[in-house]
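Below are my notes on the two-chain model, set out as numbered points. Please read them beside the structure.

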Amino acid sequence: MKKTVWSMCGMCSVRCPIRVEVEHGEVKWIEGNPHILKGSLCAKGSAAQALQKDPERPQQPLIRVGGRGAGKWEPVSWYTALDYVAEKIDKIRGKYGARAIVMSCRGGPWQDMIKAFCFGLGSPNFTNHDSACGRNVHHASKSVYGLGRKGFIYDIANAKHLICFGRNILASLRVAEANQVMDMLDNGGSFTYVDVRQTLTGIKATRFFQVRPGTDYALALGMINEVIKQEAYDKEFIERYTTGFDKLAEFVEQYDANWAAKECGIKVKKLKDFVTEIGSQRPKVIFHPGWMLSRYKDSFYASRCLHILNVLMGNVEVEGGQQFPKTPGDCGVKGLRAFSSNVKKPDEKRADGVGWKYKHFDAGPGLFHLFYEAMVTEDPYPIKGLICYRHDPFTCFPDVGSQKDALDNCELLVSIDTHYSEFGWYSDVILPESMFLERETPIATQKGPKPRFIYRDRAIEPRFNTKPSWEIFKMLADRLGFGDVFPFSTPEEMWAWQLEPTGYKIEDFQEKGFVPLTDKPIMYDRDKLDGKFKTPSGKIEFVSQMLEENGIPSFKPYESPKKPPKGRFRLVFGRSPVHAHSHTINNPYLHELMPENTLWINKRVAARLGIEEGDWVDVVGDSQIGTIRAHLTEFIHPEAVYTVHGFGRQVPLQSRAYHAGMSDQKLQEGLLQMMDPAGGGLCLCEKFVTVRRSPRNPRRRVEL
Amino acid sequence: MKKYMIYLNSKRCIGCHGCEVHCKANKDLPVGPLLCEISHEPLKSIRGVPKTEFHFRSCYHCEDPYCVPICPTGAMQQREDGIVFVEQEKCIGCMACAGACPWNIPQFNPATGKAVKCDYCMDRVDQGLKPACVTKCTTRALKFVTLTEI
């Protein structure tokens with residue numbers, strides 16, 4: 001008899017709600033939760049069945065016995081491993097204080113538990129991967145609205161026009177969002193796509209601007225200029241809810257459409273027509289403010305402009321625009337009990353300087369890469385331990401060599417993950433988490449027009465000697481003397497403890513896998529949005545008080561990006577719909593679909609270099625070389641070469657992924673501390689590489 | 001009489017290859033056989049936007065299939081509703097079916113040593129469900145269509 005188990009996918013960080021069918025202790029079927037996703041799921045979701053059966057993942061706790069990265073491990077019991085980690089942490093805590101431990105996780109709906117662990121331990125240094133991802137967008141959003149990047153959701157399905165600046169929304173897949181985009185297009189919506197290359201997203205566009213790499217900011221400035229010139233903005237909304245419009249208009253005056261078109265390499269008429277079109281479609285026009293925008297030196301300002309364009313469209317809290325994500329409170333329901341409600345945030349400066357040295361950055365997760373600096377300089381104090389949960393800094397951050405140099409100052413490196421991460425391979429202890437079908441997780445709140453509580457139940461028993469993260473953190477906390485932060489010892493007790501204030505029971509989740517908190521979407525009265533914007537002035541700020549007070553200009557004069565010297569290219573990277581960065585490269589099914597990445601290069605440029613389709617090419621950074629096959633296309637800007645991120649892995653136990661393809665982050669030497677001082681994001685597309693036909697291409701072959 | 005068809009709305013297809021994996025996972029197939037496939041034309045610029053069309057291909061479930069009569073053991077069969085399928089118990093893995101098929105549709109399953117092909121997930125269809133690829137299609141671009149005579 002098949003049994004339904006409600007869960008949430010763990011193949012990427014989107015965490016789509018799923019329904020799992022289990023028979024005789026085996027997963028037979030996974031589909032998107034029919035009540036939310038109508039069954040839809042992406043390739044990665046279905047490939048979870050292959051991951052579950054794959055023995056090429058850590059099967060029990062491992063303690064390093066050889067040198068770091070040498071790959072010599074002693075398999076140990078959970079008790080031995082946890083005692084070992086606790087003893088090491090205790091030693092560091094005794095010598096340097098608990099603040100010498102950094103705790104990093106991948107963010108998302110369950111990070112509160114990790115934060116509680118970090119604070120319970122006594123360290124303020126809780127962090128995540130985001131300085132190599134969405135920090136610029138987040139901080140840009142805070143500067144405009146006083147709200148973070150999750151301060152709005154986008155009602156794309158009902159929009160009349162969606163504009164994506166490199167946001168590859170149909171390949172960096174979120175199933176529900178992709179359906180919204182397709183629904184919008186089915187309803188006759190317009191879709192403008194801006195990128196240095198054509199993507200799976202761009203082929204669905206109704207308008208495509210192929211821009212010179214690094215000129216997004218110029219295009220956004222030109223758009224603002226033209227919107228103001230054509231008076232295509234919502235005057236009433238600007239008047240009612242914003243400050244600093246005059247200063248904005250004054251600043252963009254120098255950046256007119258002609259200038260922007262020339263700078264970006266596009267047609268001016270196309271740009272002007274675009275503005276005329278959105279002027280007739282607003283407020284149902286959404287400028288996606290970007291997701292992974294740790295790219296260029298001015299990505300923060302580009303994202304600010306995209307947020308500003310949304311404001312000019314007046315698209316706040318309207319159908320087909322940006323909407324405030326509604327909370328349980330909006331439904332008259334008390335929120336879940338937070339794990340961090342049991343602990344006090346340590347009254348200590350963060351070692352990454354966020355909150356005191358850098359006051360304009362969000363001190364929640366801070367900025368991971370700045371801990372490396374602290375490890376090396378011991379300023380403001382020494383960092384001696386790093387625990388990474390579901391986070392692989394060696395894949396996420398650039399310049400792995402520099403990272404290793406910094407980590408050599410640490411006495412303890414722990415990786416808690418379902419798979420071998422490259423960081424895990426270099427660490428001292430691997431604590432293997434059960435893959436998502438084999439574990440339960442705390443209940444999460446999903447905010448939105450119709451907020452809900454949702455959970456992940458255990459579908460099947462773990463195949464190997466692995467544990468769910470809640471149990472790992474609970475057992476570690478017990479050993480370190482703060483087990484009372486997690487006052488439960490079974491998942492049922494944990495859920496009941498979380499749910500207590502809400503009045504719901506875990507049985508309420510049985511029918512649909514979640515508890516809806518409202519039947520109808522909730523909208524605020526658009527005429528009464530006062531108090532919703534959390535800026536110092538309470539208004540949407542074109543001139544940001546927060547930035548100005550910290551000596552950072554609200555508007556930065558545009559600087560044209562450097563052109564790569566002859567024979568060199570700007571290395572840009574992105575996503576494929578069949579892989580979630582490095583997480584899935586070794587998955588048998590997904591590896592079969594896409595075993596390695598290629599280097600996209602402009603056809604005409606390739607011809608000059610004597611490179612043909614499928615040739616091996618060497619991609620040369622400073623000291624690192626990657627060799628992959630070339631893919632020639634006319635639809636990439638000649639200044640750029642592109643590859644899919646996550647490949648070129650060097651964990652020998654991942655036989656499929658081992659040295660398959662090329663790693664962009666290993667070529668990004670020197671970028672580890674190249675931070676945008678205004679946005680906090682790294683500038684990962686500011687690397688020029690040399691491309692040449694590789695000597696690996698056979699000229700002739702001799703067989704004896 | 002052929003009763004069913006799988007139709008791809010290329011406008012909604014985003015080329016995510018989800019269907020291919022949904023199929024493999026449902027049939028518990030090893031690396032190797034792929035029972036349905038998404039392909040696309042090279043990109044062509046249409047009014048300034050590089051575009052392409054996606055194609056979905058699984059078995060055509062021919063009305064008069066070549067693979068059925070050539071099967072030496074009677075494993076390859078056609079149902080009344082037109083679904084062409086392999087009865088796994090009878091299959092000896094000789095792959096004569098693949099040779100007879102103009103498109104080489106039947107594939108060898110290295111895990112079982114037998115032929116395997118798209119059967120529209122007939123176990124699901126018989127329960128009133130849709131094939132795996134259609135049920136889970138990321139953007140609901142695939143449709144399972146029941147044909148009617150006009």
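1. Of the 150 residues in chain B, 41% are buried, meaning that 20 or more other C-beta atoms lie within 10 Å of the residue's own (12 or fewer is exposed, in between is partly exposed, and C-beta atoms are placed from the backbone). This is a predicted model, in which local features need pLDDT of at least 70 and side-chain atom pairs count only at pLDDT 80 or more, while totals for chains, interfaces and linings use all residues. Residues are numbered from 1 along each chain as its sequence is written, with chains lettered from A and ligands numbered from 1 in the order in which they are written.

2. Chain B has five helices and 10 strands; these are DSSP runs numbered from the N terminus, with helices (H or I) of at least four residues and strands (E) of at least two. The radius of gyration of chain B is 16 Å, which agrees with the value near 15 Å for a compact globule of 150 residues. That radius is taken over C-alpha atoms, and the globule rule is 2.2 Å times the number of residues to the power 0.38. Along the principal axes, the C-alpha atoms of chain B fill a box of roughly 55 × 40 × 25 Å.

3. Among contacts in chain B between residues at least 6 apart in sequence, 53% join residues at least 24 apart. A contact here requires C-beta atoms, placed from the backbone, within 7 Å.

4. Asn109(B) belongs to strand E8 (residues 107-109) of chain B. Asn109(B) counts as buried because it has 22 C-beta neighbours inside 10 Å. Neighbours within four places in sequence aside, Asn109(B) is in contact with Leu29(B), Pro30(B), Pro33(B), Lys114(B) and Val116(B). Leu35(B) is 74 residues from Asn109(B) in sequence, and their C-alpha atoms are 11 Å apart.

5. Which chain B residue, other than glycine, has a positive phi near 50°? The residue is Cys121(B), in the loop between strand E9 (114-116) and helix H4 (122-126) of chain B. Cys121(B) is buried, with 23 other C-beta atoms within 10 Å.

6. Between the chains, 32 residues of chain A are in contact with 25 residues of chain B. On the chain A side, the elements giving two or more residues are strand E3 (26-32), helix H1 (43-46), helix H6 (175-186), strand E11 (207-210) and helix H20 (588-593). That side has 20 nonpolar, eight polar and four charged residues. Ala, Val, Leu, Ile, Met, Phe, Trp, Tyr, Cys and Pro count as nonpolar, Asp, Glu, Lys and Arg as charged, and the others, Gly among them, as polar.

7. Within chain A, helix H13 (residues 369-377) and helix H15 (residues 400-407) pack at an angle of about 45°, with their axes 8 Å apart. The contact is made by Tyr372(A), Met375(A) and Val376(A) of H13(A) and Gln403(A), Ala406(A) and Leu407(A) of H15(A). By class, this contact has five nonpolar, one polar and no charged residues.

8. Two cis peptide bonds in chain A deserve a look. One joins Asp379(A) and Pro380(A), with omega about 10°; Pro380(A) is in the loop between H13 and strand E15 (385-389) of chain A. Another joins Arg282(A) and Pro283(A), also with omega about 10°, and Pro283(A) is in the loop between helix H11 (268-281) and strand E13 (285-288) of chain A.

Technical notes
Two residues are in contact if their C-beta atoms, placed from the backbone, lie within 7 Å. Axes are lines fitted to C-alpha atoms, for helices over the stretch in contact, and angles run from 0 to 180 degrees between N-to-C directions.
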